[in-house]
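Student: Hi! Could you walk me through the ligand sites in this one?
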Amino acid sequence: MVITVDIGNTNIVFGFFEKGMLLNTLRIVTDSGRTSDEYRLLLLQFIREEKLHGNVEDVVISSVVPSLTPVFRAVARKMAGRDAILINSELPIGIKFDVDEPRFVGADRICDIFEAHKLFPNENAVTVDFGTATTFSVITKDGRFVGGPITIGVLPASTELFRKTAQLPRIELVKPKSAIGRNTVEEMQSGVINGFGGLVDRLIELIEEELGEKVRVIGTGGISHIMEGVSKRIEIFDKLLTIKGLYSIYEYVKGK
Ligand SMILES: Nc1ncnc2c1ncn2[C@@H]1O[C@H](COP(=O)(O)OP(=O)(O)O)[C@@H](O)[C@H]1O
Ligand SMILES: CC(C)(COP(=O)(O)O)[C@@H](O)C(=O)NCCC(=O)O
Ligand SMILES: [K+]
């Protein structure tokens with residue numbers, strides 16, 4: 001079995017792969033305070049409960065939380081008996097990082113674009129990752145990562161609205177029934193969700209203008225499902241894009 005680990009700022013998502021098949025996923029809250037032993041026990045318990053194959057061949061890690069990277073490297077060493085494969089811009093994955101500082105590109109973005117390029121090998125593609133941040137990553141048809149806008153996440157935006165005001169409530173992130181809204185909650189839901197839909201579509205339009213070419217758009221991340229039908233430009237939604245990209249990179253690097 002191969003375990004992929006996507007360490008985000010809010011959630012850590014594990015993928016459990018057997019012979020190239022994604023058997024199971026596990027999503028837990030990111031907690032920098034936990035030890036490698038705690039994370040290892042949690043994984044072992046999940047593997048036992050889900051009756052997965054206990055023999056861990058490799059662990060592949062994408063981390064955008066530097067303090068947790070050594071923690072999961074230790075987990076990997078104990079569980080697989082060897083060093084984890086870490087996603088970064090220096091891995092030979094056949095993608096050119098056409099940006100000022102390739103080493104600063106978030107590992108999750110590398111996974112996203114790798115999978116997007118696999119899905120649309122001869123087309124420009126943009127991944128929109130709705131996580132703690134909302135991240136756009138642009139991969140050209142000739143396999144160059146050329147950057148992409150980064151803005152606040154949908155949940156953090158709505159949480160800030162609630163935290164910084166006396167009268168606005170915490171809202172549930174659901175698709176708004178109306179654009180105008182008849183009460184505070186509906187009005188906030190429209191503002192946040194419809195607002196982000198418009199933000200996405202506008203940024204895609206600007207990206208296309210700058211590239212001078214059309215792009216395919218794929219949505220991913222914890223709350224991406226809410227944007228279905230709200231953004232007119234996102235054509236595929238795949239919450240597991242990052243996890244799949246992690247495994248695809250692993251296969252590519254291993255030459256399988
Ligand atoms: N399965 C889910 N259903 C609904 N919301 C989710 C789900 N998973 C995560 N979320 C929410 O989506 C947000 C972003 O999650 P995620 O993409 O995992 O962020 P990050 O990659 O930054 O850790 C979080 O606020 C989380 O609470
Ligand atoms: C932009 C991010 C914070 C997104 O992280 P997430 O919302 O998935 O937790 C992460 O990809 C990151 O730390 N990137 C480094 C800067 C860059 O990619 O250019
Ligand atoms: K993510």
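Tutor: Happy to; here is a short tour of the ligands, the pocket and the annotated positions.

Student: What should I know before I start?

Tutor: This is a predicted model, where local features need pLDDT of at least 70, side-chain atom pairs count only at pLDDT 80 or more, and totals for chains, interfaces and linings use all residues. Residues are numbered from 1 along each chain as its sequence is written, chains are lettered from A and ligands numbered from 1 in the order in which they are written, and side-chain values use heavy atoms, with hydrogens and water left out.

Student: Cool. How is the chain divided?

Tutor: Into domain 1 (2-86) and domain 2 (96-103 + 116-240), with bounds from an automatic or database domain assignment. Their centres, taken over C-alpha atoms, are 27 Å apart.

Student: And which residues come nearest to ligand 1?

Tutor: Thr-10, Asn-11, Arg-27, Thr-132 and Gly-222, out of 14 residues around it; "around" requires a heavy atom within 4 Å.

Student: Which domains does that shell draw on?

Tutor: Domain 1 and domain 2 each supply at least three residues to the shell around ligand 1.

Student: What about polar contacts there?

Tutor: For ligands, that term is a pair of N or O atoms within 3.5 Å. An oxygen atom of ligand 1 is 2.5 Å from a side-chain N or O atom of Thr-132, and a polar side-chain atom of Arg-27 lies 2.6 Å from a ligand 1 oxygen. Gly-222 contributes a polar backbone atom, 2.7 Å from an oxygen atom of ligand 1. The protein buries 72% of the 560 Å² that ligand 1 exposes when taken alone (Shrake-Rupley areas, 1.4 Å probe).

Student: How does the shell around ligand 1 split by class?

Tutor: It has 3 nonpolar, 9 polar and 2 charged residues. Here Asp, Glu, Lys and Arg count as charged, Ala, Val, Leu, Ile, Met, Phe, Trp, Tyr, Cys and Pro as nonpolar, and the others, including Gly, as polar.

Student: Switching to ligand 2, what surrounds it?

Tutor: Its neighbours include Gly-8, Asn-9, Val-64, Phe-104 and Thr-135. A polar backbone atom of Gly-106 is 2.7 Å from an oxygen atom of ligand 2, while Arg-109 places a polar side-chain atom 2.9 Å from a ligand 2 oxygen. Thr-132 has a backbone N or O atom 3.1 Å from an oxygen atom of ligand 2. On its own, ligand 2 has 470 Å² of accessible area, and the protein covers 75% of that.

Student: Which pocket do they occupy?

Tutor: Ligand 1 sits in the largest pocket, and ligand 2 takes up space in the largest pocket too. A pocket is an open set of points on a 1 Å grid over the protein atoms alone, where a 1.4 Å probe fits, with protein on both sides within 12 Å along at least five of seven lines; lining residues have an atom within 4 Å of a point. To sit there, a molecule needs more than half of its atoms within 2 Å of the grid points.

Student: Where does UniProt place a "binding site"?

Tutor: One unreviewed-entry listing has Asp-6, Ile-7, Gly-8, Asn-9, Thr-10, Asn-11, Ile-12, Val-13 and Thr-132; such annotations may be inferred rather than shown by experiment. Those residues span 127 residues of sequence yet cluster in space, with a largest C-alpha distance of 13.6 Å.

Terms used. Polar contact = N/O pair within 3.5 Å; in protein donor to acceptor, adjacent residues only side chain to side chain.
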